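Student: Could you help me learn to read a protein structure, one feature at a time?
Tutor: Gladly! Let's look at it together.

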Amino acid sequence: RHLPLACFRTRRLVAMAASTNKTDSLAALLTRLDVEPKFHEIIRELCGGEQCYLNDIEPEDLQGQCAGDSTVIALPVARGLVRKLSVALTDQVGLDKLGRQTPVMAQLANPASGSDVGSSQIYPAAQARSPLQASLWRGAGDEADSLRCSLHGLVQHGFCSRRKVLTMLLDNSGSMRDAWPLVTEAVGRVVSEKLLADSSVSVAVLVYNTEAVEVAIPTPDVAGSLPETLRTRYAPRGITDFSSAFALARCIIDRQVGGFLSTGSKLEEVDVATLIFTDGKDTSAPPLGMASKAATEKAVDAGNEFRAWLKELGCASYTCTAAFGEHHDPEQCQRLSDRYRYINRSEVLATWLASDLGELLESAGQCSLHLELPPMLALEEPLPPALPLDTNGCLDYEVWLRLDNSLACRDQNAGDGATLKAVVRDSSGAAALCGTVELELAWQPKVGTLEARLFALDAAELRLRQIALELRGQRPSRCQL
């Protein structure tokens, strides 16, 4: 959705932003945007020394370039720099993601007082380091009852100080025989030479069938030998026992986290990711080797205990199941983790690695979002318990809401003064950002315009997510689909 919108970020709009700071030099502007001095020279070259062209810089322009200290700029760092430039320039003219000025977009001045934009006010929490932005859109035509609230704000600094603990649990029971080549391919893509060489990431792999065993990780220069080791030394056999896998995973994660703590890192600076590769069928309860209700309950209990332990650990955690095999158990896979992906071919595998796993490795941590809604509004989909932050420590999230027309019909003034309150809490539970948006200030595009059609496309994506949620754990018939 975002790629076509880039063409609407015209230089004329960016020039408007730059005109508000005519007396500022480029270096002074970059310093205010919290861009490290070592990046100033390369940014100056890319924009030709003109502030109005900063928004034309893309991550690919910075990736691979040498900073002032002779270090090569990696893609996550490039994305963080571009985000600082684009968000800051957008803030100066009060634009939302579509490049339109709306009365609901606000920039905070300081923690002592709120900033008025129309009748909408947004206030920072005491420790807020950056503005919280909010924009409220209402659909047109058939989507007039739908509202989309976009929230963006800096929750915490510190991608460079984050530590990542990545543990992969590979089901190599007999039922995974056909899917094993795809599993080993997935592991080969994840455990790359670059990842192993990264001192901020700790990687571990274990396989489990009748029992769980940790696999020795090769050195970075021979990382490519891991898939071959899995194919030859750990060929699928035996039954599936999730409880043994989770028990060993706890020991491994505890050891990995302890390693980072011993070097001075704090628990809140560590992200723990657990990837489960399986077909979702536990066969460890009598009769052994057969899927049964007792085996399923045993696996679910082990998964619940594992996630409860992760929560008590004090680190931001993320658990994802990658399900392989046409006959996998969808319900079991979803009950074992926070997210579930069905991997049936290499293309889906590549997409999953680029989205879910890429999001995790580039994230600066997690936060939680809490909303207080007026009576006439309801959430279209439940809020996740944890939301990832981007490389720069920012939250960028959209909440979908539905307007209750029956209430509006009973009371024509029901929406007068109604406000939506949002509170963003960091990983420690402290309120990092908070704000309110007045419902009557929602911007509604005209029917037939580009903005209205883009809103309709986003709403269609929402409907598909709702259908997927309704059908989860099922194998719907062609008629149901």
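Tutor: Let's start with aromatic rings. Rings of Phe, Tyr and Trp count as a pair if their centres lie within 6.5 Å. Keep in mind that this is a predicted model.

Student: How many aromatic pairs are there by that rule?
Tutor: The count comes to seven aromatic pairs. One of them is formed by Phe242 and Phe246, which are stacked, with 6.4 Å centre to centre and 25° between the planes.

Student: Why do you give both a distance and an angle?
Tutor: A pair of aromatic rings is described by the distance of the centres and the angle of the planes.

Student: Where do Phe242 and Phe246 lie along the chain?
Tutor: Both belong to helix H10, and being four residues apart they are separated by about one helical turn. Phe242 is buried, with a relative accessible area of 1%. Phe246 is buried too, at 3%.

Student: Which residues form one aromatic cluster?
Tutor: The cluster consists of Tyr208, Phe242, Phe246, Phe306 and Trp309. Let's follow some of its members to other elements.

Student: Phe306 and Trp309 come next, then. Which residues of H11 are buried?
Tutor: Both of those are, together with Ala295, Ala299, Val300, Ala302, Gly303, Leu310 and Leu313. The buried residues of H11 pack against helix H10, strands S8 and S9, and helix H12.

Student: How do I judge the length of a helix like that?
Tutor: Compare its span with the expected one. H11 has 21 residues and reaches 30 Å from its first C-alpha to its last, close to the 30 Å expected at 1.5 Å a residue. Just after H11 comes Gly314, whose phi is positive, near 95°.

Student: And how does H11 lie relative to the strands?
Tutor: H11 lies across S8 and S9, and runs at about 170° to S8.

Student: How should I think about strands that sit side by side?
Tutor: Strands of a sheet pair through backbone hydrogen bonds, either parallel or antiparallel. Here, S8 (residues 270-278) and S9 (residues 316-324) run parallel and are joined by eight bridges. Across that pairing, Phe277 stands opposite Ala322 in S9.

Student: What is the order of the strands in the open sheet?
Tutor: The order is S7-S6-S5-S8-S9-S10, six strands with mixed pairing. S7 and S10 stand at the edges, each with a single partner strand, so one side of each is left without a neighbour in the sheet. On average, neighbouring strands of this sheet are turned by 20° against each other, direction ignored.

Student: Let's go back to Tyr208. What can I learn from its strand?
Tutor: First, a general idea: in a regular strand the side chains alternate between the two faces of the sheet. In S6, Val201, Val203, Val205 and Val207 are on one side, with Ser202, Ala204, Leu206 and Tyr208 on the other, and all are buried. Because eight of the eight residues of S6 are buried, the strand is largely enclosed by the rest of the structure.

Student: Which way do the neighbours of S6 run, parallel or antiparallel?
Tutor: There is one of each. S5 and S6 run parallel, joined by eight bridges, and the bridge partner of Leu170 in S6 is Val207. S6 and S7 run antiparallel, joined by four bridges. There, Tyr208 stands opposite Ala212 in S7. S6 and S7 also form a hairpin with three residues between them.

Student: What about S4, is it buried or exposed?
Tutor: Nine of the nine residues of S4 are buried, so this strand is largely enclosed as well. S4 is joined to S14 by nine bridges, and the two run antiparallel. In S14, Tyr397 is the bridge partner of Leu151.

Student: Does a charged residue in S4 have a ring for company? Where does the charged end of Arg148 sit?
Tutor: The charged end of Arg148 sits over the ring of Trp137, 5.5 Å from its centre.

Student: Finally, how can I see the fold as a whole?
Tutor: Try totals. The chain has 15 helices and 16 strands, and buried residues make up 48% of its 481 residues. Of the contacts with a separation of 6 or more, 69% are between residues 24 or more positions apart.

Definitions and conventions. Residues are numbered from 1 along each chain as its sequence is written. This is a predicted model: local features need pLDDT of at least 70, side-chain atom pairs count only at pLDDT 80 or more; totals for chains, interfaces and linings use all residues. Side-chain values use heavy atoms; hydrogens and water are left out. Buried means under 20% relative accessible area, exposed over 50%, partly exposed in between (1.4 Å probe, protein chains only). Two strands pair if DSSP finds at least two bridges between them. Axes are lines fitted to C-alpha atoms, for helices over the stretch in contact, and angles run from 0 to 180 degrees between N-to-C directions. Contact means heavy atoms within 4.5 Å. The expected span of a helix is 1.5 Å times one less than its number of residues. Rings of Phe, Tyr and Trp (its six-membered ring) pair if their centres lie within 6.5 Å; planes under 30 degrees apart count as stacked, over 60 as edge-to-face and the rest as tilted. A charge sits over a ring if NZ of Lys or CZ of Arg is within 6 Å of the ring centre and within 35 degrees of the ring normal.
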